[in-house]
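The following note sets out comments on the two-chain model, arranged as numbered points. Please read them alongside the sequence and the coordinates.

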Amino acid sequence: MFEKLDRTVALVTGASSGIGRASALRLAKAGASVGLVARRAGRLEALATEIREAGGAALAIAADITSAQEAAGVVARTVSELGGLDTLVNAAGLMLNGPSIESPLDEWDRMVAINLCGLMYVTKAALPHLVEAAAGSPRRVADVVNISSVAGRFAASQVAIYSATKFAVTAATEAWRQEFAKRSVRFSVIEPGATATELFEQKAGQWEGFTSMFGEVEQMHPEDIAEAVAFIVTNPRRVAINEIVVRPTDQA
Amino acid sequence: MIMSIDGKVALITGASSGIGAATALKLAAAGVKVTIAARRADRLEALKTEIVEKGGEALALEMDVTDMASVEHGVKRLIETYGSIDILFNNAGIMPVSEIDQFKTGEWNAMVDINIKGVLNTTAAVLPQMIEQHSGHVFNTSSIAGRKVFGPGFAVYSATKFAVTAFSEGLRMEVGRKHNIRVTCIQPGGVTTELPEQTTDPDKRRQLDAYRSQVRFLDSSDIADAVVFAAQAPAHVNVAELFILPIEQA
């Protein structure tokens, strides 16, 4: 029923932890060679080793995708060393929520830089290769899976700029989806609710802020989101899963 | 992680054809006892035979989702037969397309009755059992038309599907945390079903057929796979919305 990803190449940003890491492992398990991108080289090398020891192929690329030049370099290295690009998972993300008067402007800039500009730079560099893969590969399809957030669907107090970046990701994904529909590049957005990653730890008090709104919830695991990524990418070519909103069952 | 749904009990409305029938087959293949409900009893019997021949378990219920008594009677029989219900798939729906100034008010009312009230009736009949169990999963079939209004001819259909999406979200907020019941709103684009045949306006029918010749529609079984995917997620994971289109559909 679902397709194997043998002889395909995936590139995953934010691969050093959380949803990116779990997605890289899951795609490797499905047969893809995986380019791993993040700033923390040590984490990437460990993940690459884990994938290779399980019989897969991986390439660790330490880079800062908030630089357009580095982002383009990441895509170029993936294509030259792994032989193409069939699947892009944009999972790198930063969440720094809090009261807007007290929050340093720098925190907002950094969220825009990673969540929006980073995704934009990597995707821009990847597009020609994805179109080529969709036209020339045996599967005749390519995929971009963007990790947005339920905050990309619903804005809330003290989440202004994080929400703004995630609304942007959701909007860009839908526009790209329409633009590339006839060229067999599928664009999907996953909008997860609370997931047990480093996201809440990126700034003190964020989990407390979340639980004050939603109460204690049983968070999802990164592997739960990775399963959605795999479901999207391994669906038959004719099927485009464009959006999945996924929450902990007890998160209203 | 993927959880087994072997042995679970499902009720599927609109099961006589299209997405409902395909989902019944897929769920049954995964070991789910499927109660297939629709108005066309002969179709249900044929589907039940197919499921049983493939080694599955099925109960056919002639049911009109617009008639609360019919729905309550059917759900009662289901509970008597299987003792529980884990999955409700509110899938029955119709799409007779016409422009408002044609005033096909009978078709408008039929859409409201089946697409909206049908969902409410079945949900009302099934929820008490799920609440008592403190578990369950409700799937509602909305549509891409529940996310945007295509253009002339789709006003009332879109209105009913926006309602399904809104109801799904509201229901999810109420029963997820409180009763441990998951709610999934499936939003398909073009799927090969009987929907276009329900359009009586000849011009609109021609437009629908022309579109169908341009874009290769999804198979009903593709949507069924998405339902199975959401149903197999671990209990703490609720796939709230799933938007699924043919690759070429802009």
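1. A:Arg7 counts as exposed, at 79% relative accessibility. This is a predicted model, and in it A:Arg7 has a positive phi of about 60° although it is not a glycine. A:Arg7 is placed in the segment before β1 (9-13) of chain A.

2. A positive phi is also found in chain B, where B:Phe103, not a glycine either, has a value of about 50°. B:Phe103 sits in the loop between β4 (87-90) and α4 of chain B. Is B:Phe103 buried or exposed? Its relative accessible area is 57%, and B:Phe103 is therefore classed as exposed, the cut-off being over 50%.

3. Strand β2 of chain A, residues 33-38, deserves attention as an enclosed element. Six of its six residues are buried, so β2(A) is largely enclosed by the rest of the structure. In a regular strand, side chains alternate between the two faces of the sheet. In β2(A), A:Ser33, A:Gly35 and A:Val37 point one way, while A:Val34, A:Leu36 and A:Ala38 point the other way, and all are buried.

4. The pairing of β2(A) should be read together with its burial. β1(A) and β2(A) run parallel and are paired over five bridges. Within this pairing, A:Ala10 has A:Val34 of β2(A) as its bridge partner. A:Val34 is also one of the buried residues listed for β2(A).

5. For chain B, the corresponding description is as follows. Strand β2 (residues 33-38) of chain B is mostly covered, with five of its six residues buried. Strand β1 (residues 9-13) of chain B is joined to β2(B) by five bridges, and the two run parallel. B:Leu11 stands opposite B:Thr35 in β2(B).

6. A:Asn90, which lies in strand β4 (residues 87-90) of chain A, is a buried residue with polar partners. The relative accessible area of A:Asn90 is 2%, which is under the 20% cut-off, so A:Asn90 counts as buried. Which side chains does the side chain of A:Asn90 meet in polar contact? One is that of A:Thr123, at 3.1 Å; another is that of A:Asn146, at 2.8 Å. Leaving aside neighbours within four places in sequence, the contacts of A:Asn90 also include A:Thr13, A:Leu119, A:Val122, A:Val144, A:Val145 and A:Ile147.

7. B:Ile116 lies in helix α4 (residues 105-133) of chain B. With a relative accessible area of 23%, B:Ile116 is partly exposed. Not counting residues up to four places away in sequence, B:Ile116 touches B:Met111, B:Thr160 and B:Ala163. B:Ile116 and B:Gln187 are 71 residues apart in sequence, and their C-alpha atoms are 15 Å apart in space.

8. The interface between the chains is the next topic. In chain B, 37 residues are in contact with 41 residues of chain A. The size of an interface is often given as the accessible area lost when the parts come together. Here the area buried between chain B and chain A is about 3100 Å², and carbon and sulfur atoms give 52% of it. On the chain B side, B:Arg177, B:His236 and B:Ile247 lose the most area to chain A, together 26% of what that side buries.

9. Polar and charged pairs across the interface can be listed as well. Five salt bridges are counted between chain B and chain A. One of the salt bridges joins A:Arg238 and B:Asp219, whose closest N and O atoms are 3.5 Å apart. Across the interface, 22 residue pairs are in polar contact, with both residues at pLDDT 80 or more.

10. Which elements of chain B supply at least two residues each to the side that touches chain A? They are α5 (155-179), α7 (220-231) and β7 (237-246). β7(B) gives the most, with 10 residues. The residues of this side of chain B divide into 19 nonpolar, five polar and 13 charged.

11. Finally, strand pairing crosses between the chains. Strand β7 (residues 239-248) of chain A pairs with β7(B) in the antiparallel sense over nine bridges. A:Val246 stands opposite B:Val239 of β7(B). This is the strand of chain B that gives 10 residues to the side touching chain A.

Methods:
Residues numbered from 1 in each chain as written. Chains lettered and ligands numbered in written order. Predicted model: local features only at pLDDT ≥ 70, side-chain atom pairs only at ≥ 80, totals over all residues. Heavy atoms only, no water. Contact = heavy atoms within 4.5 Å. Buried area = accessible area lost by both parts, 1.4 Å probe. Salt bridge = Lys/Arg side-chain N within 4 Å of Asp/Glu carboxyl O. Polar contact = N/O pair within 3.5 Å; in protein donor to acceptor, adjacent residues only side chain to side chain. Helix = DSSP H or I, 4+ residues; strand = E, 2+ residues; numbered from the N terminus. Nonpolar A, V, L, I, M, F, W, Y, C, P; charged D, E, K, R; others polar. Pairing = 2+ DSSP bridges. Buried < 20%, exposed > 50% of the residue type's maximum accessible area, 1.4 Å probe, protein only.
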